[in-house]
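Trainee: I am new to this structure and would like a close look at a single part of it, namely the salt bridges and what they join. Please set that part in its wider context as you go.

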Amino acid sequence: MSDTSFQVVLARTGTTFNIPADASILEVLELEGVSVPSSCQQGVCGTCETKVLGGDIDHRDMVLTAYEKSSGQSMMICCSRAKGASLTLDL
C-alpha cells in the first residue's frame, strides 16, 4: 500500500495543511511552526495523541486498542494517516 497526500484542517484556527505522501502530519505541523507534544515519532509512546473531529483514519500506531481505533476519536499524528482526502484535528 503506497501513501498518498491528503489535507489536515486544524479546527481551532481553520488552517489547512497539505500532507505529502512522504511526510507525517507531525513533521508538516512542526515545519509550519505548530507545536505538538511528541517523543518517539514511531507510534509507540502515545505522546502525540490528537483528537480527531472528522475524517477516516489509517491507524498505524501500537498504542490505541482496537476499540479506540474503531471509534475514530483520536490518532497518533507521528505515524497514522488519512484514509480519505482530509482529516480535521482538534488543534
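Trainee: To begin with the whole, what radius of gyration would a compact globule with 91 residues have, and what radius does the protein have? After that, which side chains meet in a salt bridge with Asp3?

Mentor: Please keep in mind throughout that this is a predicted model. For a chain with 91 residues, a compact globule would have a radius of gyration near 12 Å, and the protein has 12 Å, which agrees with that expectation. Along its principal axes, the C-alpha trace spans about 30 × 25 × 25 Å, and of the 91 residues 35% count as buried. The protein exposes about 5,100 Å², of which carbon and sulfur atoms supply 46%.

Before turning to the salt bridges, it helps to know the elements between which they lie. The protein has two helices and seven strands, and along the sequence these follow the pattern β-β-α-β-β-α-β-β-β. Five strands form an open sheet in the order S2-S1-S7-S3-S5, with mixed pairing. Strand S2 (15-19) and strand S5 (74-76) stand at the edges of this sheet with a single partner strand each, so one side of each is left without a neighbour there. On average, and with direction ignored, neighbouring strands of the sheet are turned by 40 degrees against each other. Within the sheet, strand S3 (residues 49-54) pairs with strand S7 (residues 86-89) in the antiparallel sense, over two bridges, and Val52 stands opposite Leu89 in S7.

Now to the part you asked about: the structure holds four salt bridges. In one of them, the side chain of Asp3 meets that of Arg60, at 2.6 Å from N to O. Asp3 lies in the segment before strand S1 (6-10), while Arg60 lies in the loop between strand S4 (57-58) and helix H2 (66-71), so this pair ties together parts that are 57 residues apart in sequence. With a relative accessibility of 30%, Asp3 counts as partly exposed, and Arg60, at 32%, also counts as partly exposed.

The side chain of Asp3 also meets that of Arg81 in a salt bridge, here at 3.9 Å from N to O. This pair links distant parts of the chain, from Asp3 in the segment before S1 to Arg81 in strand S6 (residues 81-82), 78 residues apart. Arg81 is buried, because its relative accessible area is 5%, which is under the 20% limit for a buried residue.

Another salt bridge joins the side chains of Arg12 and Asp90, at 3.2 Å from N to O. Since Arg12 lies in the loop between S1 and S2 and Asp90 in the segment after S7, the pair ties together parts that are 78 residues apart in sequence. Arg12 counts as exposed at 62% relative accessibility, whereas Asp90, at 23%, counts as partly exposed.

Taken as a group, Asp3, Asp58, Arg60 and Arg81 are joined into one network by salt bridges that share partners. As a last piece of context for these links along the chain, consider the contacts between residues at least 6 apart in sequence: 51% of them join residues at least 24 apart.

Methods: Residues are numbered from 1 along each chain as its sequence is written. This is a predicted model: local features need pLDDT of at least 70, side-chain atom pairs count only at pLDDT 80 or more; totals for chains, interfaces and linings use all residues. Side-chain values use heavy atoms; hydrogens and water are left out. Two strands pair if DSSP finds at least two bridges between them. Helices (H or I, at least four residues) and strands (E, at least two) are DSSP runs, numbered from the N terminus. Axes are lines fitted to C-alpha atoms, for helices over the stretch in contact, and angles run from 0 to 180 degrees between N-to-C directions. The radius of gyration is taken over C-alpha atoms; the globule rule is 2.2 Å times the number of residues to the power 0.38. Buried means under 20% relative accessible area, exposed over 50%, partly exposed in between (1.4 Å probe, protein chains only). Contact means heavy atoms within 4.5 Å. Accessible areas come from the Shrake-Rupley method with a 1.4 Å probe; for residues, only the protein chains shown count as cover.
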